[in-house]
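Visitor: Could you take me through one part of this model up close? I'd like to see how a single piece sits among its neighbours.

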Amino acid sequence: MSDTPVTTTEVVEAQPAYKLRAMIFSEAVSIAESSNIDRKAGTMDVTLIRPGWSANHRYYSPAMLESRVGLWDGVRAYGNHPTLSESKDRPEGDIWNQIGYYSQPRWEDGKTKATLRLIGDDAKKQHILDWAEESIRVGKPLMGLSINAGGKTREGDADGRRGIIVEDITKAL
């Protein structure tokens with residue numbers, strides 16, 4: 001036997017300082033900031049999402065949003081927000097409420113922007129564009145569109161506030 005002391009080391013896996021969880025979330029699309037309205041083509045540029053704290057008390061970092069811009073290409077746009085039961089029963093949405101889709105997503109002026117391409121008869125397109133133009137004129141959203149997404153979130157602090165931090169957007173719905 002040796003008089004040399006024996007030491008043992010316990011290996012412990014590092015645990016993250018916070019717990020990530022999957023979440024589906026919705027945010028308002030900014031209509032009052034719309035631009036490049038083309039009535040003939042039935043299109044307008046919109047801000048899909050911006051960094052910082054949203055009206056729904058979720059924080060989005062600029063780097064994460066910029067890295068996920070491509071997720072928005074081809075995402076459907078709906079004329080009405082789904083009810084809670086519709087969200088559960090038909091998360092993909094209802095074709096009869098679909099008004100178009102988003103194309104050419106891009107990171108511009110520190111925001112995620114895209115072109116909303118309206119689909120359907122001209123009266124429906126013009127109705128939506130009328131409301132968009134009036135929203136721009138008065139400087140506030142008089143109609144609403146929203147984006148839905150899934151991602152990874154955690155509780156945390158950002159910009160001096162505590163709340164839900166969106167760590168990653170994994171799917172645009």
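Visitor: Let's start with a pairing: which residue in E9 is the bridge partner of Ala158?

Guide: That's Arg161. Keep in mind that this is a predicted model. Ala158 is a handy place to begin, since strand E8 covers residues 145-158 and strand E9 covers residues 161-172. The two form a hairpin with two residues between the strands, and Asp159 there takes a positive phi near 50 degrees. E8 and E9 run antiparallel, joined by 10 bridges.

Now look at E8's other pairing. Strand E1, residues 21-38, also runs antiparallel to E8, with nine bridges joining them. One pair to click on is Met23 and its bridge partner in E8, Gly151. As for exposure, E8 is mostly covered, with 10 of its 14 residues buried.

From here, follow E9 to Ile169. Along with Tyr102, Ile169 has the most contacts inside the largest nonpolar core, a set of 28 residues. E8 and E9 each give two or more residues to this core, and so do E1, E2, H1, E6, E7 and H3. The largest share comes from E2, with four residues. As a rule, nonpolar side chains in soluble globular proteins tend to be buried together.

Leaving aside residues up to four places away in sequence, Ile169 touches Ala149, Gly150 and Gly151, among others. Gly151 is the residue we just met as the partner of Met23. Other contacts of Ile169 include Phe25, Tyr60, Met64, Leu65 and Trp72, and Arg68 is on the list too.

Note on methods
Residues numbered from 1 in each chain as written. Predicted model: local features only at pLDDT ≥ 70, side-chain atom pairs only at ≥ 80, totals over all residues. Heavy atoms only, no water. Buried < 20%, exposed > 50% of the residue type's maximum accessible area, 1.4 Å probe, protein only. Pairing = 2+ DSSP bridges. Core = buried A, V, L, I, M, F, W, Y, C linked by side-chain atoms within 4.5 Å. Contact = heavy atoms within 4.5 Å.
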